[in-house]
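Thank you all for coming. I would like to walk you through one model this morning, beginning with a single stretch of backbone and then moving outwards.

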Amino acid sequence: MRRSLILASAVTALGLLTACGADGGGSDAGSSKTTLSVAALEGGYGRDMYTQVIQAYEAKHPDVDVQLQISKSIEDEITPNMKAGRFPDVVVLGQGRKAALTETLIKDKALEDLTPVLQAKVPGEDRTVGDKLIDGIVGNLNTNPYGDGKTYTMPMYYAPTGLFYNKGLFDKKGWKVPATWDELFALGETAKKDGISLFTYPTAGYLDSYFFALLADVGGEQFYTDVMTYKQNVWQTPQARQALDLTTKLLKYAAPTTVGYANEQDFTKNQQSILDNKTLFMPNGTWIVGEMKDAPRADGFAWGLTPLPAVTAGGKRYITTSVESVWVPSGAKNKDAAKEFVAYLYSDEAAKIFAKSNAVQPIQGIASSLTEENAAFYQVYEDASVTALVGGFASTAPVEGVDIKATLFDTANSIISGDKTEDQWQAALNDASEKLRQAGS
Amino acid sequence: MARPAERGRRGNGLFVLACLLPALVLFVVFMIVPTVNVFRMSFYTWSGFSPDMRFVGLENFTRLLDDEQFVRAFQNTVALLVVVTVVTMGMALFLAAIMTRQKLRGRSLYRFILYVPSVLSVVVIAAVFSALYDQENGLINGTLQALSLDGLRQIWLGDQQLVLWSVAIAMVWQSLGYYMVLYMSGMSSIPESLYEASALDGASAGRQFFAITLPLIWQNLRTTLTFFVMSAVNLSFVLVRAMTGGGPDGSSEVLLSYMYKQAYTNSSYGYGMAIGVVIFAFSFLVSLLVSRATRREPLQF
């Protein structure tokens with residue numbers, strides 16, 4: 001009697017232990033079918049397009065079984081397994097996310113070199129993946145993070161980010177979208193008389209697209225790269241000071257509600273102030289249309305997108321282009337199958353499915369398959385004075401306690417509320433940049 | 001003659017061990033091992049994924065001393081713990097005393113209302129308070145406006161001096177009812193005769209509270225206090241993450257949220273674990289302090 005009890009509890013304990021330990025790794029030793037595990041972020045484009053693309057792929061490749069894991073917080077779901085050494089084969093996830101999973105893997109040099117995919121022919125087509133991509137979309141810090149000519153993340157969708165506004169309001173008031181900073185501040189004064197604020201942001205983190213473009217506008221592409229690669233004393237240069245000057249001045253025109261709503265819970269209220277004609281501009285991306293599609297809005301409202309105004313009249317303007325990427329972890333089991341699948345994602349067949357959900361791939365000639373509202377956003381690239389700007393801060397080995405993006409963006413909250421001065425901002429940036437520079441070299 | 005009894009006892013011991021074994025194994029695997037790991041990892045620089053782990057000794061800890069954001073997170077945590085603990089415990093005791101001693105009408109209704117927040121998920125509480133604190137049409141600012149006290153309207157979650165206290169209020173609201181119910185059950189077991197006797201001697205309700213109620217539930221209070229301090233550390237993290245994300249500009253960051261940011265967002269896993277060690281030591285120290293400071297001869301009735 002007693003012995004059987006002991007046995008029973010021992011069995012229970014063992015059972016509990018093995019239950020935790022055993023979790024299929026996804027490799028089917030018995031069958032000849034390859035199981036390809038794909039993890040994707042469920043972003044503004046929804047999840048249907050992935051299931052459709054995978055269906056189309058499986059129809060052509062009966063020997064491959066694609067298993068899709070998709071979620072709005074995909075990082076939280078795949079990270080524990082990755083820590084235990086079980087990596088998905090293909091991951092569709094961009095940089096600039098809060099969890100910074102892609103950045104972490106880049107810092108760790110834990111991504112597979114995808115340069116061969118660029119040279120590979122798109123399955124079922126004559127052209128290579130590289131030939132189909134639009135110019136300048138690979139070969140930047142975003143896709144080639146180590147600057148060694150090798151592509152580690154493939155650009156999956158691209159979208160312009162910039163200042164969003166209500167076209168309807170501008171038409172009604174007869175205002176012109178400002179082309180220079182002077183015009184912008186003048187408009188700020190005009191709007192103030194109507195009780196409208198000039199500027200807001202959903203959360204300070206949305207200032208990424210704003211700042212990257214501004215830095216390039218102020219100092220040109222070389223200066224932008226210097227900032228992104230932490231060149232020594234780059235934040236003490238007159239160009240950096242000018243960028244901070246302009247921003248500090250702009251933040252004086254920020255809607256009074258901005259900081260109070262600039263958190264995860266309330267950021268849509270800041271976005272709503274554009275729809276309600278309480279504020280003129282906010283930095284954002286094209287996903288805003290889908291995100292706010294059910295929100296109430298002022299009569300005659302229509303989304304407009306403009307690049308930042310030029311620093312000098314007629315000067316070159318940059319538009320930060322958000323690129324979401326697809327990558328293969330070095331730890332993946334089926335790397336060859338993964339690469340073939342990635343190449344397929346650039347096929348006309350797949351592109352058509354993605355475009356239906358407004359997910360625009362950087363493939364030549366894609367604009368013709370877009371909806372009217374979306375196509376209007378992509379027109380900013382047709383302005384001769386506007387250049388696409390891809391990428392962000394270069395990755396270095398992680399530096400404890402230093403997050404230059406937080407220093408650059410979040411401080412805006414303190415500038416608006418008066419808790420920090422522009423000088424403190426500049427000093428903190430210089431300090432963070434210097435620490436990262438030392439970690440990078 | 002002693003043998004059979006001894007054998008019986010040994011058999012008992014085996015049985016007890018067997019019963020404890022599953023829990024023991026789980027405790028070791030899921031509590032002891034990870035805790036030891038936290039301590040070990042705090043001596044390394046590691047991003048969390050790569051095989052590239054570098055032993056740096058105490059460097060992570062010396063860095064912490066220079067890290068302004070960490071210092072601020074620490075200050076915020078201490079401030080929250082002190083204020084929230086004092087306010088919650090004080091109010092819970094006060095309310096419990098009123099509810100058990102005074103013959104209030106609708107007592108169980110009050111108890112129910114005050115207890116409800118403890119069953120709500122923290123995310124719901126964060127949403128409730130975000131609505132209350134809304135600077136434009138929130139309940140608090142709306143009420144102030146209705147009372148023509150416009151000058152008192154605040155940007156509750158956007159003001160760096162206020163945001164932490166806004167979080168503190170939500171924390172108090174969440175835990176108050178639970179502790180009140182705990183104290184009520186303690187107080188209701190105090191014999192009525194003590195109060196009757198003291199009332200005959202002319203003791204006021206306040207005097208009765210400090211001379212009878214408080215000493216007699218002291219053991220109860222001690223246990224809950226330690227328990228509360230620990231849960232407040234966790235609660236502050238969840239609320240801060242859901243309500244403010246540590247913002248604006250890090251002004252409502254607490255230890256656990258800063259640890260999370262460093263370990264998972266800034267890829268400084270070792271550094272995050274060093275913060276974890278500090279939290280561990282800090283919690284341990286606080287429990288010790290609380291238990292020392294409140295030690296008294298237990299009174300009985």
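Just after helix 10 of chain B comes Gly245(B), with a positive phi near 65 degrees; helices here are DSSP runs of H or I with at least four residues, and strands are runs of E with at least two, numbered from the N terminus. This is a predicted model, in which local features need pLDDT of at least 70 and side-chain atom pairs count only at pLDDT 80 or more, while totals for chains, interfaces and linings use all residues. Residues are numbered from 1 along each chain as its sequence is written, chains are lettered from A and ligands numbered from 1 in the order in which they are written, and side-chain values use heavy atoms, leaving out hydrogens and water.

Staying with chain B, Pro248(B) lies in the loop between helix 10 and helix 11 (255–265), and the peptide bond that joins Gly247(B) to Pro248(B) is cis, with omega about -10 degrees.

In chain A, Tyr230(A) is not a glycine, yet its phi is positive at about 60 degrees, and it sits in the loop between helix 9 (207–228) and helix 10 (238–252). Is Tyr230(A) buried or exposed? Tyr230(A) counts as buried, at 5% relative accessibility, where buried means under 20% relative accessible area, exposed over 50%, and partly exposed in between, with a 1.4 Å probe and protein chains only.

Asn358(A), also not a glycine, has a positive phi of about 70 degrees, and this residue is partly exposed, with a relative accessible area of 32%.
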